[in-house]
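Student: Please take a close look at the aromatic packing of this model and at what surrounds it. A connected account would serve me better than a list.

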Amino acid sequence: MSFGDGTGLLFGLLFLAVVLLVEGAWYYYKDVYAPRTRVGRRMEMLKSGAMQEQVEASLKLSQNKHGAGMVGRFMGQLETKLTQAGIRVTPERFVTLMGVATLALAVASPIILGVANMLNSAGAVLVVLAFAVGVGIVLPLAFVDRKAAKRMKKFEEQFPVALDIFVRGLRAGHPVTGALDLLVEEMSDPLGSEFAIVMAEVSYGSDLREALESLAQRVQLTDVQMFAVCVAIQAETGGNLADILDGLANVIRERNSMVLKVRALSSEGKMTAWVLSALPICVFGFIFISNPSFYLDVADDPMFMPGLLGIVGWYTLGMMIIRKLVTLKV
């Protein structure tokens, strides 16, 4: 396939137009048809006269509704990641979008690249499917995981400051809910928006301890779990919550200092892991787009299919091992 006659430029502009079209459709959907949050659904249920038990159930995370099998665990983990990333899309809809994107790429990419007539073997079809799965499934999942990690890292950095504001509010005479209101007003996203959900749940009848437990389940951070436990214990046994949380803030700061040291020591290994994980996929995608015949010309070789499946298997195993090596918990 020659790119010297302007065909490459035409395909590049076509690809850019498709990307811009998809991005515009996504932002239009997010802004105009924004997904309803749990609180929004609860308000609608209250307006419609739903029972209190139904309203309370609508606020809880739904990891268990997917079942206990492998698919259920995957959907539960994906729901947690989407929540942590701040993407208000149900896991079922996200999986559906990935499936549609993968199917569209599998059908359109051979036509766009002009290699539809070369799909005359199972190996060639497998190469196209591998490309479609990489772009339509692997990249979106990596994007969600990266965005969730970045958002939760910022939440973790904000949390000690939020505890200081909360403690000052309690010592100034505010009730617990009033001190939480200060967090909503003073703190930026993501902490401010997450505590806004807590306050919305409390305002519409949920118990404060349940709302904080729901927050801890959403963000899945040890610091937030300790905060929820402190509030729950103080509500049961009494005591000076301000002093308890002041001590908790000091513990969290010392722990974060240790975490930063560990991250600094492991940063080189993590960067190496990112490069080793992304480089094979990027190289495969670049070669397939620029010169698809590099793979398709040998796709009918008897060793092509076992070789490709072996490469995918070893790559998956390598990613799992690297992830295990660079993931350090403090």
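Tutor: F155 and F159 are both buried, that is, under 20% relative accessible area, where over 50% would be exposed and values in between partly exposed (1.4 Å probe, protein chains only). The two residues share helix α6 and stand 4 residues apart, about one turn of the helix. Helices here are DSSP runs of H or I with at least four residues, strands are E runs of at least two, and both are numbered from the N terminus. The model is predicted, and therefore local features need pLDDT of at least 70 and side-chain atom pairs pLDDT 80 or more, whereas totals for chains, interfaces and linings use all residues. Residue numbers start from 1 along each chain as its sequence is written, and side-chain values use heavy atoms, with hydrogens and water left out.

Phe, Tyr and Trp rings (for Trp, the six-membered one) pair when their centres lie within 6.5 Å; planes under 30 degrees apart are stacked, over 60 edge-to-face, the rest tilted. This rule yields 8 aromatic pairs. One of them joins F155 and F159, which is stacked because the ring centres are 6.1 Å apart and the planes meet at 15°. F166 and F227 give an edge-to-face pair instead, with 5.6 Å from centre to centre and 85° between the planes. Because F166 belongs to helix α6 and F227 to helix α10 (residues 222-237), this pair ties together parts that are 61 residues apart in sequence. F166 is buried at 0% relative accessibility, and F227 is buried at 1%. Elsewhere, ring pairs link a cluster consisting of F131, F284, F288, F294 and Y295.

Helix α6, which spans residues 122-171, also holds Q158. With a relative accessible area of 9%, Q158 counts as buried. The side chain of Q158 makes a polar contact of 3.0 Å with that of S188; such a contact is a pair of N or O atoms within 3.5 Å, and within protein one atom must be able to donate a hydrogen and the other to accept it, residues adjacent in sequence counting only if both atoms are side-chain atoms. Leaving aside residues up to four places away in sequence, Q158 touches M187, S188, D189, P190 and L191, a contact being heavy atoms within 4.5 Å.

Two of these neighbours, D189 and P190, are joined by a cis peptide bond with omega near 10°. P190 sits in the loop between α7 (176-186) and α8 (191-203). A second backbone feature is found at Q220, where phi is near 55°, a positive value in a residue other than glycine. As a general rule, most residues other than glycine have a negative phi, and most peptide bonds are trans. Q220 is placed in the loop between α9 (208-219) and α10, and is partly exposed at a relative accessible area of 44%.

The wider setting is helical: the protein has 13 helices and 0 strands. Of its 330 residues, 34% are buried. Among contacts between residues at least 6 apart in sequence, 64% join residues at least 24 apart. The accessible surface of the protein, from the Shrake-Rupley method with a 1.4 Å probe, comes to about 19600 Å², and carbon and sulfur atoms account for 66% of that surface.
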